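Please read these comments with the model open beside you. They go region by region.

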Amino acid sequence: KKMTYTFTSAIVISIICMGTASIIFIIKIFEGNNRNQMEEKLTSIQTSLSQTYKYSQKASDIYDAEMADEMKKIAYNGQVDINIYDIGGSLVESTNPDIFKLYIASSRINPQAYHELMFDNKKLVIKKERIASLEYYSLYAPIFNINGKFIAILNIPYFLDTTNIKEDAWPIIAAIINLYLILIILAVFGARIISGSIARPLVMISSKMKEMKLSDKAEHIDYKIKDELGILVTAYNNMVDNLEESTQ
């Protein structure tokens, strides 16, 4: 029983750890794919806006009606909302200004994102933000003019379709869980068989000793495997021979 419990526990714990690691790995893959999609979207919009504003010298130039229309076209083609902040972190232009006018969202940039862009010189920042109970990803990137001057900050609210992610991920996770449950069941039976095969010679020795009588010839135990139990069985068989000689 002790061997069965030991083997079973060791195997089951190993399988659970492997299953957990597999599920975490699958989730990381989906998260990585989502991040790649966000980065591609942000890079595409950033490139388009940099072309639009390549001759601009400051963020206030975006107030130009022609440029504002071009930004709306880029937002429409990319199926996203676009917010533009100046290098001081204040909102300059948005394709969805109502959320700022109604104070649903702040007209000031996320301070952590601002610090990473302005002082850590990062080229891309992704932050989780929240409006009421709605959580979404907010993508930030700098906009440079043709001379390489930092003139504005691009922001894209990115809403993931969590329903589709779950629909894609859960069948794989469910399959992994089912597979490892089967492995656990097989491991339990395997542990019982292995522990039984190891304990069988010990049980035989115990039963033979109980049956041993000086008036009867004790029988040898037939165990040909040369392992630790084989040494014990050989010692028992030698003891039986010695006892037979002493009895005679």
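The points below cover salt bridges, a helix, aromatic pairs and some loop residues.

1. Status of the model. This is a predicted model. Residue numbers start from 1 along each chain as its sequence is written. Please keep both in mind for every distance quoted here.

2. Salt bridges, the count. How many salt bridges are there? The count comes to three. Two of them involve Glu 116: one with Lys 122, one with Lys 127. The remaining pair is Arg 130 with Glu 135.

3. Lys 122 and Glu 116. Their side chains meet at 3.4 Å, N to O. Lys 122 is partly exposed, because its relative accessibility is 38%. Glu 116 has a relative accessible area of 15%, so it is buried. The bridge therefore joins a partly exposed lysine to a buried glutamate.

4. Lys 127 and Glu 116. Here the N to O distance is 2.8 Å. The pair links distant parts of the chain, 11 residues apart. Lys 127 belongs to strand β3, residues 125–131. Glu 116 belongs to helix α4, residues 111–118. Buried or exposed, these two? Both Lys 127 and Glu 116 are buried.

5. Arg 130 and Glu 135, then the network. The closest N and O atoms of Arg 130 and Glu 135 are 3.4 Å apart. Glu 135 is partly exposed, at 44% relative accessibility. Which residues are joined into one network by salt bridges that share partners? They are Glu 116, Lys 122 and Lys 127.

6. Helix α6, length. The helix runs over residues 228–247 and has 20 residues. At 1.5 Å a residue it should span 28 Å. Its end C-alpha atoms are 29 Å apart, so the two values agree.

7. Helix α6, faces. Leu 229, Gly 230, Val 233, Tyr 236, Asn 237 and Val 240 are buried in α6. Why do the buried residues line one face of the helix? Seen down the axis of α6, they fall within an arc of 120°, so they line one face. The face turned away from that buried side carries exposed residues: Glu 228, Ile 231, Glu 245 and Ser 246.

8. Glu 228. This residue is found in helix α6. Its relative accessibility is 66%, so it counts as exposed. Where does it sit with respect to Lys 122? The two are 106 residues apart in sequence, and their C-alpha atoms are 63 Å apart in space.

9. Aromatic pairs. The structure holds two. The rings of Tyr 114 and Phe 119 have centres 6.5 Å apart and planes at 80°, so this pair is edge-to-face. Tyr 114 is buried at 19% relative accessibility. Phe 119 is exposed at 56%. In the pair of Phe 144 and Phe 150, the ring centres are 5.5 Å apart. Their planes stand at 45°, so that pair is tilted. Phe 144 has a relative accessible area of 26% and is partly exposed.

10. Asn 145. This residue lies in the loop between β4 (134–144) and β5 (150–158). Its relative accessible area is 6%, so it is buried. What does its side chain reach? It reaches the backbone nitrogen of Lys 149, at 2.8 Å. Leaving aside residues up to four places away in sequence, Asn 145 touches Tyr 53, Lys 54, Ser 56, Gln 57 and Ile 151.

11. Asn 147. This residue also lies in the loop between β4 and β5. Asn 147 is exposed, with 61% relative accessible area, whereas Asn 145 is buried. Its C-alpha atom is separated from that of Lys 54 by 7.9 Å. The two residues are 93 residues apart along the chain. Lys 54 is also among the residues that Asn 145 touches.

12. Asn 121. Please check the backbone here. Phi of Asn 121 is near 60°, a positive value in a residue other than glycine. Asn 121 has its place in the loop between α4 and β3. At 54% relative accessibility, Asn 121 is exposed.

Definitions and conventions:
This is a predicted model: local features need pLDDT of at least 70, side-chain atom pairs count only at pLDDT 80 or more; totals for chains, interfaces and linings use all residues. Side-chain values use heavy atoms; hydrogens and water are left out. A salt bridge is a side-chain nitrogen of Lys or Arg within 4 Å of a carboxyl oxygen of Asp or Glu. Buried means under 20% relative accessible area, exposed over 50%, partly exposed in between (1.4 Å probe, protein chains only). Helices (H or I, at least four residues) and strands (E, at least two) are DSSP runs, numbered from the N terminus. The expected span of a helix is 1.5 Å times one less than its number of residues. The arc is that of the directions from the helix axis to the C-beta atoms. Rings of Phe, Tyr and Trp (its six-membered ring) pair if their centres lie within 6.5 Å; planes under 30 degrees apart count as stacked, over 60 as edge-to-face and the rest as tilted. A polar contact is a pair of N or O atoms within 3.5 Å; within protein, one must be able to donate a hydrogen and the other to accept it, and residues adjacent in sequence count only if both atoms are side-chain atoms. Contact means heavy atoms within 4.5 Å.
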